[in-house]
Amino acid sequence: MAPLISSPTTGVIITGGGSGIGLASARALAEAGRPVALWDLDTESVQKHADEIASEFGVASIGEGLDVSKSALYEPAIKRARSELGSLGGLVHCAGVAHPVPVDHLDEENWDAVLDINLRAEALLVRDLLPDLCQNEGSAVVGIASINAILGNGANPAYGASKAGLLGLTRSLAARLAPEGVRVNAICPGYVDTPMLAPAFEHVPGLRESMESQSMLGRLSRPEEIARVVRFLLSNEASFITAEHIVVDGGVVRAQA
């Protein structure tokens, strides 16, 4: 199958690749011919999905059980990815946690856990991937932020702060890496029908309907709809886009403007 869009052939690491936006992004990239390394806490699941991707799309695909809050694990995982995918020219940081706790009940452990995974991990991953990204033409990084970076979230200040911080990190990394030919962007999804939201839907009556009503399109996003934007930003089609965040929310932010 011919590539859907003009794209580098280097491998891409996707954190949080075992489900939701991460898994959808891995599939979208593999469909365009990119080798992929899926990293996720759930080792068994991520290996299963990696095998399925390799079989379906005919590209190199590996699954790695890894906690991105532990930066000491990055080096051996990157070394394996480099060896099995051939080269590395992309990072998609999808791994994220919410742990909703309002500020009046916030504790340092909760705050640190959210910021470590959602924000710090991307900075440290880019640091460790820098030699690979800089030596491969067309390299790019995509971070998955959130509309909470723009609107805030009174029930979850740690999450909102981590995603807002990701936008600042995106601009800072883009400024630093532009001379090396590496682009850095972020996506701000709205309400996406992923496993992360499933527990909230079960425990909060009417939450799904409320989220759907906030979208101009009257529904939640599907992970695949975010993944297609990830694929675009990592492709040569986006060769002059850097330091940007793209809102993909069905009009939620504009409806509240």
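Leaving aside neighbours within four places in sequence, Asn110 is in contact with His99, Val101 and Ala158, contact meaning heavy atoms within 4.5 Å. The structure is a predicted model, in which local features need pLDDT of at least 70 and side-chain atom pairs count only at pLDDT 80 or more, whereas totals for chains, interfaces and linings use all residues. Residues are numbered from 1 along each chain as its sequence is written, and side-chain values use heavy atoms, with hydrogens and water left out.

Asn110 lies in helix α4 (residues 108-135). With a relative accessible area of 11%, Asn110 is buried; the classes are buried under 20% relative accessible area, exposed over 50% and partly exposed in between (1.4 Å probe, protein chains only). Its contact partner His99 belongs to the loop between β4 (88-93) and α4. The relative accessibility of His99 is 39%, so this residue counts as partly exposed. His99 also adopts a positive phi of about 45°, although it is not a glycine. A positive phi at a non-glycine residue recurs at Ala243, where the value is about 65°. Ala243 is placed in the loop between α9 (223-233) and β7, and is partly exposed at 29% relative accessibility.

Ala158, another contact of Asn110, is one of the buried residues of helix α6. The 21 residues of α6 (residues 157-177) should span 30 Å at 1.5 Å a residue, and the end C-alpha atoms are indeed 30 Å apart; the expected span of a helix is 1.5 Å times one less than its number of residues. Further buried positions in α6 include Tyr159, Gly160, Lys163, Leu166, Leu173 and Leu177. The cover over the buried residues of this helix includes α4, β5 (140-144), α5 (148-151), β6 (183-189) and β7 (245-248).

Towards the N terminus, helix α1 (residues 20-31) reaches 17 Å from its first C-alpha to its last, close to the 16 Å expected for its 12 residues. Helix α1 is mostly covered, with 10 of its 12 residues buried, among them Ile21, Leu23, Ala28, Leu29 and Ala30. Just after α1, Gly33 takes a positive phi of about 95°. The C-alpha atom of Gly33 is separated by 6.4 Å from that of Val59, 26 residues away along the chain. Val59 is located in the loop between α2 (43-57) and β3 (61-65), and its 13% relative accessibility makes it buried. Beyond its neighbours within four places in sequence, Val59 is in contact with Ala30, Gly33, Arg34, Pro35, Ile53 and Ala54.

The protein as a whole contains 10 helices and seven strands, defined as DSSP runs (H or I, at least four residues, for helices; E, at least two, for strands) numbered from the N terminus. Its radius of gyration is 17 Å, close to the 18 Å given by the globule rule for 257 residues, so the protein is as compact as a globular protein of that length. This radius is taken over C-alpha atoms, and the rule is 2.2 Å times the number of residues to the power 0.38. Along the principal axes, the C-alpha atoms fill a box of roughly 45 × 40 × 40 Å. Of the 257 residues, 51% count as buried. Among contacts between residues at least 6 apart in sequence, 73% join residues at least 24 apart.
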